[in-house]
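Trainee: I am new to this structure and would like to go through it with you. May we begin with a single contact and then widen the view?

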Amino acid sequence: MIQDKLWYKDAVFYQVSVRAFKDSNGDGFGDLRGLQQKLDYLSLLGIDCIWLMPIYPSPLRDDGYDISDYCNVAALYGNLDDLKSLVGSAHALGIRIIMDLVLNHTSDEHAWFKASRSDRNSPYRDYYIWSDTDQKYRDARIIFLDTEDSNWTWDEKAGQYFWHRFYSSQPDLNFDSPAVQDEIFKVARFWLELGIDGFRADAVPYLFEREGTSCENLPETHAYLKRLRLFMEKEFPGRILLCEANQWPEDVRPYFGNGDEFQMGFHFPIMPRIFMSLKKGRADDLREILGRTPPIPEDCQWCIFLRNHDELTLEMVSPEERKWMWEQYAPEPGMKLNLGIRRRLAPLLDNDRRKIELINSMLFTLPGSPVLYYGDEIGMGDNLDLPDRNGVRTPMQWDDTPNAGFTAGKPFTEFVKGDLDYRHLNVKSQLLDQNSLFHGIKKMIGVRRQHPAFGRGEMQWVDTGNPAIAGYLRRYNRERILVLNNLSESQQNLTLPAEHQGSVVDLLSDDSQLIKSSLSLQPYAYLWLKYDNG
Ligand code: NOJ
């Protein structure tokens with residue numbers, strides 16, 4: 001494994017739901033051994049780092065984001081030895097593994113909460129936030145709008161209300177308690193000692209609460225996270241913290257601190273704007289949000305993504321834009337969820353190969369490290385009959401044998417149905433077909449790996465005189481790469497300023513060409529052109 005401390009700046013991440021990836025023992029649930037069996041597949045795809053969604057013991061009322069034991073693996077997924085073995089095999093292939101660290105809340109089945117609710121004098125009482133009234137912190141918004149009507153829930157046993165930013169089965173930990181602060185350090189140490197390469201820290205804006213504020217992004221929260229980073233930096237250098245804060249860029253910026261808080265942070269608002277740009281056939285929204293994105297410290301990096309395990313969140317758009325996005329991308333009942341859209345990438349893009357490739361071209365070339373959601377590399381569909389976000393968490397479609405080669409037993413859930421079901425769409429057939437989406441994505445990842453400009457370079461918009469073209473230059477040291485994406489459904493002509501003309505190699509086809517003032521791009525076409533003199 002290359003010991004570059006800044007490895008995450010060049011890395012392509014791959015998000016895995018262990019439960020839905022591959023079952024090794026026939027119980028119908030994906031598990032760590034199953035994932036281990038598929039490492040060769042991920043290595044072939046070319047990814048650098050797996051993000052494991054929660055694998056902790058949990059009643060699974062929020063798919064594992066409700067943890068009942070921080071220092072173990074859920075029996076459904078295997079055990080700690082399986083995880084060590086997975087980490088060892090992944091590292092041998094040059095693949096790192098980060099995992100979710102859910103620090104804001106636990107499950108109500110966690111032993112801490114059980115002790116906390118049953119005895120006012122328990123040392124654990126203070127691990128959670130109790131109150132005689134549900135009127136405190138009224139300026140804090142409700143996040144799970146479709147299921148919760150308050151951030152407070154009355155607990156009979158405790159005789160008080162407890163505070164929760166997500167489901168009422170997920171009580172928030174009280175970070176004002178020094179004991180809680182220490183517990184999370186212990187948890188982090190436990191997994192880092194096991195060999196985990198870092199954490200995707202879940203829901204970090206909400207760690208502390210203060211009256212009269214939105215209870216988000218508070219200075220106390222930053223101070224605690226800085227301490228966590230310092231500890232990791234000292235004892236586990238090279239391991240990373242990735243920030244999940246669904247906020248505007250200016251509010252995420254402080255999570256990078258002076259390079260002393262998170263190394264990485266998701267750029268949430270860019271995601272809906274990529275979809276907006278594609279639907280409108282114009283790059284303006286993308287330009288606007290990138291223009292509004294402040295610079296971050298040298299060693300930090302944004303993470304960009306198209307889809308993940310949650311709804312396509314529309315929190316970071318205006319109410320008008322949200323309405324428009326719902327009209328465009330969630331036309332049928334049941335497609336909306338909370339402030340978002342519960343669909344996968346391929347169906348969102350009408351399963352149109354040109355649009356799927358184009359949007360991935362942007363994912364792999366815009367500033368930041370890309371995160372792929374499992375199955376999107378083959379264009380998997382969703383199942384809207386399943387409740388909540390489960391429709392985008394269906395089992396990986398490995399082949400066309402019964403149960404998609406996912407399990408030899410009874411699968412824990414339904415598969416995708418219809419045109420995109422596993423009989424029509426699966427890994428096996430795409431591996432055999434050199435023209436498949438899988439091979440297209442693999443090619444993009446392979447090219448990206450060879451050119452540090454994508455991960456480390458600066459970005460400059462190129463004025464092509466045509467708003468339907470998202471054109472930008474990525475530059476690092478002497479390397480210069482021009483990326484042109486035609487966002488529209490029709491052929492587009494563009495004019496290149498003199499400084500961007502010259503001889504180039506088309507990185508995706510290996511053809512050399514001389515680009516002059518005018519160029520024409522087919523509908524939804526994209527080009528990655530590297531200048532010879534770079
Ligand atoms: C964010 C996660 O992505 C989501 O799946 C989860 O429900 C909430 N945090 C609560 O942990």
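Trainee: Which side chain makes a polar contact with the side chain of Glu183?

Mentor: Please note at the outset that this is a predicted model. Glu183 belongs to helix H6, which covers residues 178-194. With a relative accessibility of 13%, below the 20% limit, Glu183 counts as buried. At a distance of 2.6 Å, the partner of its side chain is that of Tyr127.

Trainee: How many helices and strands does the protein chain have, and is the chain as compact as a globular protein of that length?

Mentor: The chain contains 16 helices and 22 strands. Its radius of gyration is 23 Å, close to the 24 Å that the globule rule gives for 534 residues, so the chain is as compact as a globular protein of that length.

Trainee: What share of the residues counts as buried, and what box do the C-alpha atoms fill?

Mentor: Of the 534 residues, 62% count as buried. Taken along the principal axes, the box filled by the C-alpha atoms is roughly 75 × 50 × 50 Å.

Trainee: Which residues come nearest to the ligand?

Mentor: The shell around the ligand comprises three nonpolar, three polar and seven charged residues. Of these 13 residues, the ones that come nearest are Asp62, His105, Asp202, His309 and Asp310.

Trainee: How far from an oxygen atom of the ligand do the polar side-chain atoms of Asp62, His105 and Arg389 lie, and what part of the ligand's accessible area does the protein cover?

Mentor: For Asp62, a polar side-chain atom is 2.6 Å from a ligand oxygen. An N or O atom in the side chain of His105 is 2.9 Å from an oxygen atom of the ligand, and for Arg389 the distance is 3.0 Å. On its own the ligand has 290 Å² of accessible area, and the part covered by the protein is 97%.

Trainee: Why do Cys243 and Cys300 form no disulfide, and how many disulfides does the structure hold?

Mentor: Cys243 is buried, at 1% relative accessible area, and Cys300 is buried as well, at 3%. The closest cysteine sulfur to that of Cys243 is in Cys303, 10 Å away, which is too far for a bond. For Cys300 the closest is the sulfur of Cys243, at 11 Å, again too far. The number of disulfides in the structure is zero.

Trainee: Is Tyr137 buried or exposed, and what is its phi?

Mentor: Tyr137 is placed in the loop between strand E4 (130-131) and strand E5 (152-155). Its relative accessibility is 14%, so Tyr137 counts as buried. Most residues other than glycine have a negative phi. In Tyr137, which is not a glycine, phi is positive, near 55°.

Trainee: What is the phi of Asn477, and is this residue buried or exposed?

Mentor: Asn477 is located in the loop between strand E16 (469-476) and strand E17 (479-486). Although Asn477 is not a glycine, its phi is positive, about 50°. At 68% relative accessibility, this residue counts as exposed.

Trainee: Finally, what distance separates the C-alpha atoms of Ser43 and Gly94?

Mentor: Ser43 is part of helix H3, residues 39-45. Its relative accessible area is 29%, and Ser43 is therefore partly exposed. Ser43 and Gly94 are 51 residues apart along the chain, and the separation of their C-alpha atoms is 8.4 Å.

Conventions. Residues are numbered from 1 along each chain as its sequence is written. This is a predicted model: local features need pLDDT of at least 70, side-chain atom pairs count only at pLDDT 80 or more; totals for chains, interfaces and linings use all residues. Side-chain values use heavy atoms; hydrogens and water are left out. A disulfide is a pair of cysteine sulfur atoms within 2.5 Å. Buried means under 20% relative accessible area, exposed over 50%, partly exposed in between (1.4 Å probe, protein chains only). A residue is near a molecule or strand if one of its heavy atoms lies within 4 Å of it. A polar contact is a pair of N or O atoms within 3.5 Å; within protein, one must be able to donate a hydrogen and the other to accept it, and residues adjacent in sequence count only if both atoms are side-chain atoms. Accessible areas come from the Shrake-Rupley method with a 1.4 Å probe; for residues, only the protein chains shown count as cover. Ala, Val, Leu, Ile, Met, Phe, Trp, Tyr, Cys and Pro count as nonpolar, Asp, Glu, Lys and Arg as charged, and the others, Gly among them, as polar. Helices (H or I, at least four residues) and strands (E, at least two) are DSSP runs, numbered from the N terminus. The radius of gyration is taken over C-alpha atoms; the globule rule is 2.2 Å times the number of residues to the power 0.38.
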